[in-house]
Amino acid sequence: MDRKLKLMLSLTIFMSMVLYSSAQTCSRYTFSSNQMFSACNDLPYLDAFLYWNYNSSSSKLQIAYRHTGVLSSDRWVAWAINPSSTGMVGSQALVAYQQSDGTMKAYTSPVNGYQTALQEGKLSFDVSDLSATYGNNEMIIFATLDISNIGKTSINQVWQEGPLSGDSPQMHSTSGPNVQSMGTVDLLSGTVGASGRNDKTKKRNIHGVLNAVSWGIMMPLGALTARYLKVFKSADPAWFYLHVSCQSTAYIVGVAGWATGLKLGSESSGVQYDAHRTIGIILFCLGTLQVFALLLRPKPDHKYRFYWNIYHHTVGYTVIVLSIINIFKGFDILNPAKKWKNAYIGVIAALALNAAWLEGYTWYIVVKRRRSESDGKMTQGINGVNGYSARQHQGV
């Protein structure tokens with residue numbers, strides 16, 4: 001009897017899953033308003049579906065964007081067309097959420113930056129019949145778009161969801177399906193092409209990694225090498241070559257990251273990161289000065305070597321401080337998963353702790369060495385006097 005009960009229970013669960021799966025296929029769905037659409041497609045991420053009617057003669061696109069799995073009303077959903085690229089920046093979005101008074105709000109929002117608050121604004125094409133519904137754990141946006149100025153039937157689409165704070169949309173997740181929810185849709189054939197991280201996103205990540213590793217890790221590591229290894233006589237001149245190798249590699253990699261940033265800036269029309277960009281340019285200039293200063297490095301006994309050391313240390317530590325500041329500004333712009341920022345904080349903390357104990361230890365060695373040298377000179381002086389007296393006494 002127990003086995004039969006278990007079998008029936010398993011069968012029931014299996015049938016429920018099958019029915020649920022079938023219900024999540026766009027072609028099997030019926031709108032409560034009895035609206036009919038000639039084409040639809042299951043979007044590959046975020047349990048979302050797109051339905052549309054397209055009139056090629058008038059370039060009018062009637063859509064319904066359906067987002068399932070919205071378990072609470074404190075969420076927003078959005079669907080967008082990007083006329084110029086495949087990413088989020090530049091997309092023309094339709095946004096919907098349930099307000100605190102229970103009514104639905106549907107509006108248009110042009111996305112001009114990665115940290116958008118989805119402010120209401122006019123799109124680059126006309127939108128009419130915009131509305132939204134929420135019920136049965138799904139939110140649906142309805143609209144009619146005039147896409148005649150886009151001039152093509154294969155369009156770039158982006159879809160997204162995120163939390164609400166009161167009646168204000170907040171930043172969506174920056175990992176997993178939320179950064180993969182973009183692609184293309186062919187309005188005539190009905191085919192949908194999905195893309196994970198688009199080219200611009202990859203460039204942004206490459207830019208961030210190159211700069212974090214070069215300016216943010218290798219530069220401080222090279223400075224630690226020079227400051228603390230040269231105290232040990234056995235490390236001379238190896239410390240110098242390690243320092244030069246580390247800083248040169250950091251500079252080369254950093255310039256590659258800087259160039260990637262300039263390219264991203266030229267491609268991100270309407271997006272301004274003035275402080276981040278300005279610090280990046282200053283870092284490049286100071287880093288280049290350090291490289292050329294190395295070629296003009298005076299010999300240790302040269303009268304200008306003291307002033308060169310002051311310049312070299314001042315510029316070097318300025319570069320390190322500005323680099324760390326700018327990397328954290330980059331984190332604010334990229335807004336990656338929290339673990340990456342925490343990982344960098346951990347690396348910097350480890351370098352700082354090592355610098356702290358090495359500073360104490362090397363000062364201990366220097367003081368001990370100076371005392372030893374001082375004691376040695378005193379001993380030599382005493383022995384010299386005694387020896388002289390002894391020889392004089394023998395002469396007598």
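This briefing describes the fold, aromatic contacts and backbone features of one protein chain. The model is predicted. The chain has 6 helices and 12 strands, and buried residues account for 37% of its 396 residues.

**Overall architecture**

- Among contacts between residues at least 6 apart in sequence, 59% join residues at least 24 apart.
- The chain exposes about 22,700 Å², of which carbon and sulfur atoms supply 60%.

**Aromatic pairs and charges over rings**

- A pair of aromatic rings is described by the distance of the centres and the angle of the planes.
- The structure holds 16 aromatic pairs. One of them joins Tyr29 and Phe31 in an edge-to-face arrangement, with 5.0 Å centre to centre and 85 degrees between the planes.
- The two partners differ in burial class: Tyr29 is partly exposed at a relative accessible area of 22%, whereas Phe31 is buried at 4%.
- Phe240 and Tyr241 also form an edge-to-face pair, at 5.5 Å centre to centre and 70 degrees between the planes. Tyr241 has 53% relative accessibility and therefore counts as exposed, the cut-off being over 50%.
- Ring pairs link Tyr29 and Phe31 with Phe37, Tyr51 and Phe142 into a cluster.
- The charged end of Arg66 sits over the ring of Tyr29, 3.7 Å from its centre. The charged end of Arg66 also sits over the ring of Phe49, at 4.7 Å from the centre of that ring.

**The hairpin of β1 and β2**

- In a regular strand the side chains alternate between the two faces of the sheet.
- Strand β1 (residues 39-42) shows this alternation: Ala39 and Asn41 point to one face and are buried, while Cys40 and Asp42 point to the other and are not buried.
- β1 pairs with strand β2 (residues 48-55) in the antiparallel sense over 4 bridges, and Cys40 stands opposite Tyr51 in β2. Tyr51 is also a member of the aromatic cluster.
- The two strands form a hairpin with 5 residues between them.

**Helices α3 and α4**

- Helix α4 (residues 274-295) has 22 residues and reaches 32 Å from its first C-alpha to its last, close to the 32 Å expected at 1.5 Å a residue.
- Buried residues in α4 include His276, Ile279, Leu283, Leu286 and Gln290.
- Gln247 lies in helix α3 (residues 238-267). Its relative accessible area is 17%, so Gln247 falls under the 20% limit and is buried.
- Leaving aside residues up to four places away in sequence, Gln247 touches Met218, Met219, Gly222 and Ala223.

**Backbone geometry**

- Most residues other than glycine have a negative phi, and most peptide bonds are trans.
- Leu46 has a positive phi, near 65 degrees, and is found in the loop between β1 and β2. Leu46 is buried, with a relative accessible area of 15%.
- Asp129 likewise has a positive phi, near 55 degrees. The residue is placed in strand β7 (residues 126-135) and is exposed, with a relative accessible area of 60%.
- The peptide bond from Asp236 to Pro237 is cis, with omega near 5 degrees. Pro237 is found in the loop between α2 (199-229) and α3.

Methods
Residues are numbered from 1 along each chain as its sequence is written. This is a predicted model: local features need pLDDT of at least 70, side-chain atom pairs count only at pLDDT 80 or more; totals for chains, interfaces and linings use all residues. Side-chain values use heavy atoms; hydrogens and water are left out. Rings of Phe, Tyr and Trp (its six-membered ring) pair if their centres lie within 6.5 Å; planes under 30 degrees apart count as stacked, over 60 as edge-to-face and the rest as tilted. Buried means under 20% relative accessible area, exposed over 50%, partly exposed in between (1.4 Å probe, protein chains only). A charge sits over a ring if NZ of Lys or CZ of Arg is within 6 Å of the ring centre and within 35 degrees of the ring normal. Contact means heavy atoms within 4.5 Å. Accessible areas come from the Shrake-Rupley method with a 1.4 Å probe; for residues, only the protein chains shown count as cover. The expected span of a helix is 1.5 Å times one less than its number of residues. Two strands pair if DSSP finds at least two bridges between them.
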